[in-house]
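Work through the exercises below with the structure open beside you. Try each task before reading its solution.

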Amino acid sequence: MLSKKQIFSKGILAVAPHMFSVIPFGIVCGAIGIELGFSPVLVYAMSIIIFGGASQIVFLQLLSGGASALIAVTSVGVINSRHLLYGAVLSEYLEKLSFIKKLLISYLVVDQGFAESNKFFQKNRNETHLHYHLLGSGGTLWVCWQISTLAGIILGSFVPEELGLKFAVPLTFIAIVVQDIKKLDHVIVMITCGLSSLLFFDAPFKSYIIISPIIALFVAALVLRLKK
Amino acid sequence: MTWFTIIIAGIITYFMRMTMVALVDRDLLGERVKAVLAYVPSAVFPAIIFPGIFINDYGTFIEMNDPKIFGAIVAILVGYFSRNVIATIISGLFSYWIIIFLL
């Protein structure tokens, strides 16, 4: 049985490699907000209030482009709706927590933290302090996101654009799913999602980000039925 | 007004994170739904990966000889065999940089 501290440290270590994408992305996110003419306090407050990378950038771009508040809020909602799926997966492992703890830990759930902690949970179902992994992974991502957006707000986008560090984003997610390519059912689901995302890329409100997972999960349900 | 909009967006985002963890009783999900949930990572992350590789900053498809495709293939191979997240990301970035800076 691992101690709370050990599990917490494992959570931190699990997301550490993802800083290659999170930190440059945070810097760009902060810098874009200032470039678009928003006040530094407002741009930074989003990192605390919304705490969701891509959705923060889209939100500011829409507002500065003259879109209505309703459209901006809807887009954030659509982009972040995938967290409903993360929550549904994680609830299995967080069931025993008190209601207050559930409310607090939910705030820390983001893509990479969900992915890495979920992997740990699947392999260590019987540990008592499982949620400390999510505190470690989510907490690390939260702190790094705050620091990097703040750095971008104060210093501007000091990461040279020629480096193309945006490309680190798909790479970190490749690192997350790559072990599943040995399973045919997962490959089918991944390709369905990937192709759907290209097909629906121009759908309004960036909704490809939730449309393609829904299509892929329907295909997953079909695959499960065929497997029986 | 912008502040109000941000707070609403934040509340909505928080509810997306919290609802399934804290408000919905897990027993309400049927066995079939639970089985499908095992596919969530495979069903969600390619929607970030594919556009990140195949669609450029202007929202159009890249050419088939784009260095990102090469970088992604290297990352997949290194990731699959090394089982190491850092190696996957670094190998993808370096192979991408070698093409854009040296070739």
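The exercises that follow concern a predicted model, and each task is followed by its solution.

**Exercise 1. The overall form of chain A**

Task: Find how many helices and strands chain A has, and decide why its radius of gyration does or does not agree with that of a compact globule.

Solution:
- Step 1. Count the elements: chain A has 12 helices and 0 strands.
- Step 2. Take the expected value: for 228 residues, a compact globule would have a radius of gyration near 17 Å.
- Step 3. Compare: chain A has 18 Å, so the value agrees with that of a compact globule.
- Step 4. Add the dimensions: along the principal axes, the C-alpha atoms of chain A fill a box of roughly 55 × 45 × 35 Å.
- Step 5. Add the burial: 50% of the 228 residues of chain A count as buried.

**Exercise 2. The domains of chain A and chain B**

Task: State which domains each chain is divided into, and describe the contact between the two domains of chain A.

Solution:
- Step 1. The assignment divides chain A into domain 1 (4-164) and domain 2 (183-228).
- Step 2. The C-alpha centres of these two domains of chain A are 23 Å apart.
- Step 3. Domain 1 of chain A gives 8 residues to the contact and domain 2 of chain A gives 6 residues.
- Step 4. On the side of domain 1, helix 5 (69-80) and helix 6 of chain A are the elements that give two or more residues; the largest share, 4 residues, comes from helix 5 of chain A.
- Step 5. That side of domain 1 divides into 4 nonpolar, 3 polar and 1 charged.
- Step 6. For chain B, the assignment gives domain 1 (1-38) and domain 2 (39-103), with 30 Å between their C-alpha centres.

**Exercise 3. Where the chains meet**

Task: Find how many residues each chain gives to the contact between chain A and chain B.

Solution:
- Step 1. Chain A gives 71 residues and chain B gives 57 residues.
- Step 2. Helix 6 (residues 82-94) of chain A supplies the largest share of the chain A side, 11 residues.
- Step 3. The chain A side is made up of 49 nonpolar, 17 polar and 5 charged residues.
- Step 4. Turn to the largest nonpolar core, which has 96 residues; A:Ile174 and B:Ala43 have the most contacts inside it.
- Step 5. Helix 2 (residues 19-35) of chain A gives this core its largest share, 9 residues.
- Step 6. Beyond its sequence neighbours up to four places away, B:Ala43 touches residues including A:Val189, A:Cys193 and A:Pro213.

**Exercise 4. One face of a helix**

Task: Decide why the buried residues of helix 3 of chain A can be said to line one face.

Solution:
- Step 1. List the buried residues of helix 3 (residues 40-49) of chain A: A:Val43, A:Met46 and A:Ser47.
- Step 2. Viewed down the axis of helix 3 of chain A, the buried residues fall within an arc of 100 degrees, so they line one face of the helix.
- Step 3. Look for what covers them: the cover includes helix 2, helix 4 (53-64) and helix 9 (131-155) of chain A, together with helix 1 (2-23) of chain B.

**Exercise 5. The setting of A:Phe120**

Task: Is A:Phe120 buried or partly exposed?

Solution:
- Step 1. Locate A:Phe120 in helix 8 (residues 111-123) of chain A.
- Step 2. Apply the cut-off: a buried residue needs 20 or more other C-beta atoms within 10 Å.
- Step 3. A:Phe120 has 19 other C-beta atoms within 10 Å, so A:Phe120 is partly exposed.
- Step 4. Leaving aside neighbours within four places in sequence, A:Phe120 is in contact with A:Lys10, A:Ala14 and A:His133.

Notes:
Residues numbered from 1 in each chain as written. Chains lettered and ligands numbered in written order. Predicted model: local features only at pLDDT ≥ 70, side-chain atom pairs only at ≥ 80, totals over all residues. Domains from an automatic or database assignment. Core = buried A, V, L, I, M, F, W, Y, C linked by C-beta atoms within 7 Å. Buried ≥ 20, exposed ≤ 12 C-beta atoms within 10 Å, placed from the backbone. Contact = placed C-beta atoms within 7 Å. Arc of directions from axis to C-beta. Nonpolar A, V, L, I, M, F, W, Y, C, P; charged D, E, K, R; others polar. Rg over C-alpha atoms; globule rule 2.2 N^0.38 Å.
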